[in-house]
Amino acid sequence: MPRFKTTAEALKVISNKDQIRNFGIIAHVDHGKTTTSDSLLAAAGMLSPSVAGQALALDYMELEQKRQMTIKAANVTLYYEHEGKPYVFNMIDTPGHIDFTGKVTRSLRALDGAVVVVDAVEGVMTQTETVLRQALDERVRPVLYINKIDRLIKELRLTPEKMQTWLSNIINDVNRLIDIYAEPEFKDKFKVSIVNDSVAFGSSKDRWGFTLSMAKARNMGFKDVYEGYNSGNISELVEKFPLHEAILSMVIRHIPPPHVAQKYRIPKIWKGDPNSDVYKAMIECDENGPTVMMVTNVVVDPQAGPVAVGRLFSGTVRDGDLLYLINAKRQERVQSVSMFMGPFREIVGYLPAGNVPALLGLQHATAGETLSSIKDMVPFESIKYVSEPVVTIAVEPKNPRDLPKLIEILQNMHIEDPNLVVTINQETGETLLSGMGVLHLEIATTLIQEQGIEIITSKPLINYRETITTKAGPVMAKSPNKHNKVYIRVEPLDEETINLIITGQINENMDRKQIAKILRDHGWDADEARGVVAIDERGNVFVDQTKGVQFLQESMDSLRAGFIDAMTNGPLAYEYVRGVKVILHHFVPHEDPAHRTYAQLMPAARRAVLGAMLLAKPTLLEPILSIEVKGVADILGPAIGVITSKRGKIINMTQKDIFAVIQGEIPAAETFDLAEVMRGATAGKAVWNTSFKGWAPVPANMLPQLIASIRKRKGLPPEVPKPEEFIDEE
Ligand code: GDP
């Protein structure tokens, strides 16, 4: 592994927090985040400068280079001297593709600022808006870099004057978003402007960029850019306007060092006691305080095992430290402390608060975990996921002997990307891989093959959800021995509560009182909120509303298991259930514990839930994807045709000169051949991407056939069961 002389120098600087900056680069896909990061890497001595702009160093996986899309959020520490003073930058690369937005949100926790990269021609796009909004939510301060200025001259043929008007429109667009999404006290502070050097212009591909101060100091500007491109000689731009100087000087000037940023970021991102010592230590970014680190990313090193990367908010982490994994409720030892320098990890032995360590030896740390030297510390808010895995394929090795290796690879992939979910079908033994779209799974299967295993995959299957549309019950089901009676009511659950569950804001590991409080804050009746006895992560709750029933406490585990089983295998097609509030209305147990065992109570509860659901007008939900298509204006008609022919809807269309953007939505079930059809219809001139948007009821005229086909695939009897098959008479 090559060593870089800058590692030692970086470590020396770290002791002075004023000289640390933690930032990331956020952008709409293809706006130039990778090219820009690469240029910064080159300038910071990580690569020879001649390689930058060609090799995409931050995308160190070959696959990512092929796809021009960053899948792994790689962490890089940079070292750079500005006006005679050395600085250390922890730059976290965040994925631009919206399918992986879970990762972007997670990475944002570690950052104090973000360089927002916008393509000069395309301007602010949906993902710019999504990611900027998420950044502002976390009090991450933005600066703006408008990239691809060369295109304004070469493609749009704008004069220097027109260029400036065009660019000021983009700056206004960004400031308008900051105005909408930033909290009141940050609106003005976070706005960007040319005058104070929080906006830079450049071309990452050609490796130049400048801020107003740089332009003044060199007595150069847009006119020189214009002339450079028109004369075909841009060497002066590259020499006088080094891109890294433009970007890193913005970062130094406008993104605060960790101890300054943590003063206002900790109150927003940590919900524990503001009078506690640990809170004070985090506010101060105190390297002598208790150790607190939020894990934002786990990558699996084939040799060294899982590497947990994140932001150290307080304390100093050293080789050999014992840390508590708060959510996993265990204690593990840090084998060694390292830093990511590009694709390479450098062992450093220790790192103080304010940095982004990469820790080896923690076997159970997952992205989102809080690591602490204090046992019972309140963890950071659970990370909000915006997506759910909605497409599944079966994966099997060509050579059956490779199965254990395949399972291991899949498990590692899940650790790195929790949105890739691996399950084994208990009946068929198939290994199933679920992801957030066809593209997500395609990338995953390519990754598997790159690790030396040949695999066979099935056609993608859509994951549906079962839900109900009205209230029903109470209904009663007896246990197999007929000695116990379980009474159940069901109601559709409101979207707000479903969202709290799906995003993990309320979950099984939380204290019941805490859950009750959150639910009350979201409009739940106090009595019902207190009665929550189980939360199913797919968006369902189990609520106890019985009064004075005997033996309830000791029976609850069995009843809960019945609830979970019904939520896992819904009554229509054995799909997962979403959005059902299951209420335990009444319970009549047998006196003798020998007659009210798990084997009696679990099926009684399960049957009562399924029976009630069948009476509550059940239906299937299908995943809907957002789709955005862009290209020259003549793709508009054909692209709209493709979307609408696939049960899609057009939501918005914009046209800027010759560029058009269409936003719409489309059922995931219709996207398997989208690539081919879209390419055909638009002669390959359209670029598009999709992301999970939400669930919608399957159209009524398609429902019976869909249910029948799912049941057939799963080997279930063709007819949906009748409620009477689950419900008993008194
Ligand atoms: P990312 O998806 O945001 O990481 O974008 P990339 O860095 O992969 O860039 C997307 C495409 O834009 C690539 O083909 C780059 O070569 C190209 N690109 C990047 N910067 C510039 C630029 O300054 N000018 C032009 N014309 N193209 C650029």
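Student: Leaving aside its neighbours within four places in sequence, which residues is Glu528 in contact with?

Tutor: In this predicted model, Glu528 is in contact with Val543, Gln545, Lys581 and Ile583, once neighbours within four places in sequence are set aside. Glu528 itself is found in helix 19, residues 526–530.

Student: Why is Glu528 called buried?

Tutor: The relative accessible area of Glu528 is 13%. Buried means under 20%, so Glu528 is classed as buried.

Student: What makes the pairing of Glu528 and Lys581 a polar contact?

Tutor: The side chains of Glu528 and Lys581 are joined at 2.9 Å. The cut-off for a pair of N or O atoms is 3.5 Å, and the value of 2.9 Å therefore meets the distance criterion.

Student: How do you know that Lys148 has a polar contact with the ligand, and what is the distance?

Tutor: A polar side-chain atom of Lys148 lies 3.0 Å from an oxygen atom of the ligand. Because the limit is 3.5 Å, this pair counts as a polar contact. By the same limit, the side chain of Asn147, with an N or O atom 3.1 Å from a ligand oxygen, qualifies. Lys205 contributes a polar backbone atom at 3.3 Å from an oxygen atom of the ligand.

Student: How much of the ligand's accessible area does the protein cover?

Tutor: The protein covers 83% of the 580 Å² that the ligand has on its own.

Student: Which elements give two or more residues to the shell around the ligand?

Tutor: These are helix 2 (33–43) and helix 6 (149–154). Helix 2 provides the largest share, three residues.

Student: What is the make-up of that shell by class?

Tutor: The shell has one nonpolar, nine polar and six charged residues. Of the 16 residues around the ligand, Asp30, Lys33, Thr34, Thr35 and Asp150 come nearest.

Conventions: Residues are numbered from 1 along each chain as its sequence is written. This is a predicted model: local features need pLDDT of at least 70, side-chain atom pairs count only at pLDDT 80 or more; totals for chains, interfaces and linings use all residues. Side-chain values use heavy atoms; hydrogens and water are left out. A residue is near a molecule or strand if one of its heavy atoms lies within 4 Å of it. A polar contact is a pair of N or O atoms within 3.5 Å; within protein, one must be able to donate a hydrogen and the other to accept it, and residues adjacent in sequence count only if both atoms are side-chain atoms. Accessible areas come from the Shrake-Rupley method with a 1.4 Å probe; for residues, only the protein chains shown count as cover. Helices (H or I, at least four residues) and strands (E, at least two) are DSSP runs, numbered from the N terminus. Ala, Val, Leu, Ile, Met, Phe, Trp, Tyr, Cys and Pro count as nonpolar, Asp, Glu, Lys and Arg as charged, and the others, Gly among them, as polar. Buried means under 20% relative accessible area, exposed over 50%, partly exposed in between (1.4 Å probe, protein chains only). Contact means heavy atoms within 4.5 Å.
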